[in-house]
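Colleague: Thanks for sitting down with me over this one. Could you put the sequence and the structure up, and then I'll work through my list?

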Amino acid sequence: MSTGFVELHCHSTASDGTFTPTQVVELAKRSGLSALALTDHDTVAGVGEAASAAGSLGLDFIPGIEISAEYPSPGTMHILGYGVDPENPKLKRLTEELIAGRDNRNPRIVAKLNEMGVAVTMKEWEDEAKGSVLGRPHLAAILHRKGYVSSIKQAFDKYIGQGAPAYFDKERLTPRQAIERIRESGGLPVLAHPIQLRTTNDGELERVIKDLLDLGLVGLEVIHSDHDAGLVEKYTQLANLVGLIKTGGSDFHGSNKKDIELGLARGRRVPREFYDLLIEKHEELSSARAGRT
Ligand code: AMP
Ligand code: ZN
Ligand code: FE
Ligand code: FE
């Protein structure tokens, strides 16, 4: 089994990161990582470019996606899909629907901001996103540049984050749909940053995760920039207990999340073993699927 460190959760300019897929791969190489997964929100538009950059630099690569599922406020549930097949028509349909959900939400955010006296337009948001999936961090960057806020974080706190006046939810898949659709697109569903579920006790956390397991969840993101050492330990034990594979990543977004470095989640690195077991599990499920057809 290989040694070294990997990055299994990061965003590029295909969604709301500020590094192009090639730049993310180059940075991974410079940082001494041996494998990478690109997990943009609602799109796999960056994975082709990342895969070829990784190929030229001798870095192992697996395509990914991150989608958000319905979950009671104030929690959020994000599901990562690893090894989805970019050519799969079901994946294409899925990403189109996810983007349509954003297209319904985004003008409402802008209208509310205008009502609040913030001068911003959909056109500016689209220009900021440069043809990629429109994310709130793009909008936050505009508000920052125009001087309405002093940081990206303040844009969320004051205007567009959960609980703020110009926050609007987008239509989401249920957890069942998210897991099923990732699996039928050839991917492995993994629960991202379980801390963000904001469960209030360990019993509740365990119930949520066991329910997801019954729906076909395969892994748990135990290492993440929002997880301190105690949480990493807790999620590791839970994954081991219920038989989920463990994954980890920083959730790098380039300068849209300035304090996060690629490959480092609160100073913690992600062991290569996580990548190897992810690949092993992916091959296992792919051959089981092939055997059935
Ligand atoms: P969207 O997918 O357009 O709803 O935007 C989600 C993105 O906004 C993710 O990258 C989140 O990490 C980021 N985000 C959500 N809430 C906050 C917050 N309070 N501060 C900074 N970034 C946030
Ligand atoms: Zn993001
Ligand atoms: Fe997330
Ligand atoms: Fe993310």
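Colleague: Is Leu 277 buried, partly exposed or exposed?

Modeller: Bear in mind that this is a predicted model. Leu 277 sits in helix α10, residues 272-292, and its C-alpha atom is separated by 9.1 Å from that of Thr 247, 30 residues apart along the chain. Buried would need under 20% relative accessible area and exposed over 50%. With 32% relative accessibility, Leu 277 is therefore partly exposed.

Colleague: Happy with that. Which residues are the protein donors of the zinc ion (ligand 2)?

Modeller: The spacing of the donor residues in sequence is D-x24-H-x211-H. The pair Asp 16 and His 41 links distant parts of the chain, with Asp 16 in the loop between β1 (5-7) and α1 (21-30) and His 41 in strand β2 (residues 35-41), 25 residues apart. Both of these residues are buried. At 1.9 to 2.5 Å from the zinc ion (ligand 2), the donors are Asp 16 (OD), Asp 16 (OD), His 41 (NE2) and His 253 (NE2).

Colleague: And what kind of site does the iron ion (ligand 4) have?

Modeller: Its protein donors are His 9 (NE2), His 11 (NE2), Glu 66 (OE) and Asp 251 (OD), lying 2.1 to 2.3 Å from the ion. For four donors, tetrahedral would need all angles between 85 and 135 degrees, and square planar would need opposite donors over 155 degrees apart and all others between 65 and 115. The angles among the 4 donor atoms run from 79 to 167°, and the site of the iron ion (ligand 4) is irregular.

Colleague: How many residues apart in sequence are the parts tied together by Glu 66 and Asp 251?

Modeller: The donors of the iron ion (ligand 4) follow H-x1-H-x54-E-x184-D along the chain. Glu 66 belongs to strand β3 (residues 60-69) and Asp 251 to the loop between β7 (245-248) and β8 (270-271), so this pair ties together parts that are 185 residues apart.

Colleague: Are those two, Glu 66 and Asp 251, buried or exposed?

Modeller: The cut-off for buried is under 20% relative accessible area. Glu 66 has 2%, while Asp 251 has 4%. By that cut-off Glu 66 is buried, and Asp 251 also counts as buried.

Colleague: Which residue bridges the iron ion (ligand 3) and the iron ion (ligand 4)?

Modeller: The iron ion (ligand 3) is coordinated at 2.1 to 2.2 Å by Glu 66 (OE), His 78 (ND1) and His 193 (NE2). For the iron ion (ligand 4), Glu 66 (OE) is among the donors too. The two iron ions lie 3.5 Å apart, and the residue that bridges them is Glu 66.

Colleague: What distance separates the zinc ion (ligand 2) from the iron ion (ligand 4)?

Modeller: Asp 16 is one of the residues holding the zinc ion (ligand 2), and Asp 251 is one of those holding the iron ion (ligand 4). The separation of the zinc ion (ligand 2) from the iron ion (ligand 4) is 4.7 Å.

Colleague: Let's turn to the helices. How is α5 oriented relative to α6?

Modeller: Helix α5 (residues 136-145) and helix α6 (residues 152-160) pack with their axes 9 Å apart and at an angle of about 100°. Angles of 65 to 115 degrees count as roughly perpendicular. So α5 is, relative to α6, roughly perpendicular.

Colleague: How many nonpolar, polar and charged residues make the contact of α5 with α6?

Modeller: From α5 come Arg 136, Pro 137, Leu 139, Ala 140, Ala 141 and Leu 143, and from α6 come Ile 152, Ala 155, Phe 156, Tyr 159 and Ile 160. By class, that is 10 nonpolar, no polar and 1 charged.

Colleague: Is Tyr 159 buried or exposed?

Modeller: Tyr 159 lies in helix α6. Beyond its neighbours within four places in sequence, Tyr 159 touches residues including Leu 113, Met 116, Leu 143 and Tyr 167. Its relative accessible area is 8%, so Tyr 159 is buried.

Colleague: Last one: which peptide bond is cis, with omega near 5°?

Modeller: Look at the loop between β3 and β4 (77-82), where Pro 74 is placed. The cis bond runs from Ser 73 to Pro 74.

Definitions and conventions. Residues are numbered from 1 along each chain as its sequence is written. Chains are lettered from A and ligands numbered from 1 in the order in which they are written. This is a predicted model: local features need pLDDT of at least 70, side-chain atom pairs count only at pLDDT 80 or more; totals for chains, interfaces and linings use all residues. Side-chain values use heavy atoms; hydrogens and water are left out. Donors are N, O and S atoms within 2.8 Å of the metal (3.2 Å for Na, K and Ca); water is not among the atoms, so sites may look incomplete. Helices (H or I, at least four residues) and strands (E, at least two) are DSSP runs, numbered from the N terminus. Buried means under 20% relative accessible area, exposed over 50%, partly exposed in between (1.4 Å probe, protein chains only). Four donors count as tetrahedral if all angles lie between 85 and 135 degrees; four count as square planar and six as octahedral if opposite donors are over 155 degrees apart and all others between 65 and 115; anything else is irregular. Axes are lines fitted to C-alpha atoms, for helices over the stretch in contact, and angles run from 0 to 180 degrees between N-to-C directions. Angles under 35 degrees count as roughly parallel, over 145 as roughly antiparallel, 65 to 115 as roughly perpendicular and the rest as oblique. Contact means heavy atoms within 4.5 Å. Ala, Val, Leu, Ile, Met, Phe, Trp, Tyr, Cys and Pro count as nonpolar, Asp, Glu, Lys and Arg as charged, and the others, Gly among them, as polar.
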